[in-house]
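Grab your viewer and work through these short exercises. Try each task before you read the solution under it.

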Amino acid sequence: MSHTPSPPTQGHGDLPRVQGHDDFEIEPIEGLPEEPPKGEQILWQGRPDWWALSIESLSLKWVAGYFALLAIWRFTSVVDLLPMGQAIGSAVPFLLLGIVVCGLLMLVAYVQARATMYTVTDARVVMRIGAALTVTLNLPYTQVSNAMLDLRKRGTGTIALETMGETRLSYLVCWPHVRPWHIKRTQPALRCIPEAEKVAALLAEAAEARIAVPKVARVLPQTAVAAE
């Protein structure tokens, strides 16, 4: 899914913004720091799937496999030297450590998912992200040059947004809500969302409709020059 609009004339409100978030401030609408402007409609809101987030952004399967290999290596290295029961027992600590580490990764993914709220309106994408450091990204469609969908088997997927202009986003601040390994030019992303294909189609339709709206700028009259 992609669209490449020509850069329109921008006002200050059309620029991507990163806002801090007051933990004690009550959001008028969950995920939004303020009420949407009059006429703007919310089309979709959602959070990442925490299980998919743990696998894709925290590499849960790779970590589990690593500790499983350590346990197998330990068992095979001593099975000829120790009785079977002791050989198995020597591998158990690696399995227990792997369970603890994987449990912590799943906890981090769950907390990240619960702290996140993605909002798609007919004018922009708003991302309230971060568990320890909460920030809000405001991304108008007029400043998004491309949107890419990475769809997974379970129906979850990631929609990465390529921004225009000179705005630079911090990869570390936005992680894991970014397109992986695009560090130099960070691409904010709706990570591991359910029904990703449906949301991508909704976003593409709204963006195309927004870009098609003509921009009307007020032109001040020029001062008449008197003839000599």
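**Exercise 1.** In which loop is the place of Thr116? Once you have found the spot, work out its burial and its contacts.

*Solution.* Keep in mind that this is a predicted model.

- Step 1: Thr116 sits in the loop that runs between α3 and β3 (117-121).
- Step 2: check the exposure. The relative accessible area of Thr116 is 0%, and buried means under 20%, so Thr116 counts as buried.
- Step 3: list the neighbours. Leaving out residues up to four places away in sequence, Thr116 touches Arg47, Pro48, Arg128, Ile129 and His177.
- Step 4: pick out the polar contact. The side chains of Thr116 and His177 make one, at 3.3 Å.

**Exercise 2.** At what angle do helix α2 and helix α3 pack? Then classify the arrangement and sort the contact residues by type.

*Solution.*

- Step 1: α2 covers residues 60-78 and α3 covers residues 84-115. Their packing angle is about 170°, and the axes lie 8 Å apart.
- Step 2: angles over 145 degrees count as roughly antiparallel, so that is the label for α2 relative to α3.
- Step 3: sort the residues of the contact of α2 with α3, and you get 19 nonpolar, two polar and one charged.

**Exercise 3.** How many aromatic pairs does a search of the whole structure find? Take the rings of Trp50 and Trp51 and classify their geometry, then see where Tyr110 comes in.

*Solution.*

- Step 1: the search turns up three aromatic pairs.
- Step 2: for Trp50 and Trp51, the ring centres are 5.9 Å apart and the planes are at 80°. Planes over 60 degrees apart count as edge-to-face, so this pair is edge-to-face.
- Step 3: Trp50 also pairs with Tyr110, again edge-to-face, with 6.1 Å centre to centre and 80° between the planes.
- Step 4: place that second pair on the chain. Trp50 belongs to helix α1 (residues 50-56) and Tyr110 to helix α3, so the pair links distant parts of the chain, 60 residues apart.
- Step 5: put the rings together. Trp50, Trp51 and Tyr110 form one aromatic cluster.

**Exercise 4.** Is Tyr110 buried, exposed or partly exposed? Do the two tryptophans too.

*Solution.*

- Step 1: the relative accessible area of Tyr110 is 42%, which makes Tyr110 partly exposed.
- Step 2: Trp50 comes out at 34%, partly exposed.
- Step 3: Trp51 has a relative accessible area of 34% and is partly exposed.

How values were computed. Residues are numbered from 1 along each chain as its sequence is written. This is a predicted model: local features need pLDDT of at least 70, side-chain atom pairs count only at pLDDT 80 or more; totals for chains, interfaces and linings use all residues. Side-chain values use heavy atoms; hydrogens and water are left out. Axes are lines fitted to C-alpha atoms, for helices over the stretch in contact, and angles run from 0 to 180 degrees between N-to-C directions. Helices (H or I, at least four residues) and strands (E, at least two) are DSSP runs, numbered from the N terminus. Angles under 35 degrees count as roughly parallel, over 145 as roughly antiparallel, 65 to 115 as roughly perpendicular and the rest as oblique. Ala, Val, Leu, Ile, Met, Phe, Trp, Tyr, Cys and Pro count as nonpolar, Asp, Glu, Lys and Arg as charged, and the others, Gly among them, as polar. Rings of Phe, Tyr and Trp (its six-membered ring) pair if their centres lie within 6.5 Å; planes under 30 degrees apart count as stacked, over 60 as edge-to-face and the rest as tilted. Buried means under 20% relative accessible area, exposed over 50%, partly exposed in between (1.4 Å probe, protein chains only). A polar contact is a pair of N or O atoms within 3.5 Å; within protein, one must be able to donate a hydrogen and the other to accept it, and residues adjacent in sequence count only if both atoms are side-chain atoms. Contact means heavy atoms within 4.5 Å.
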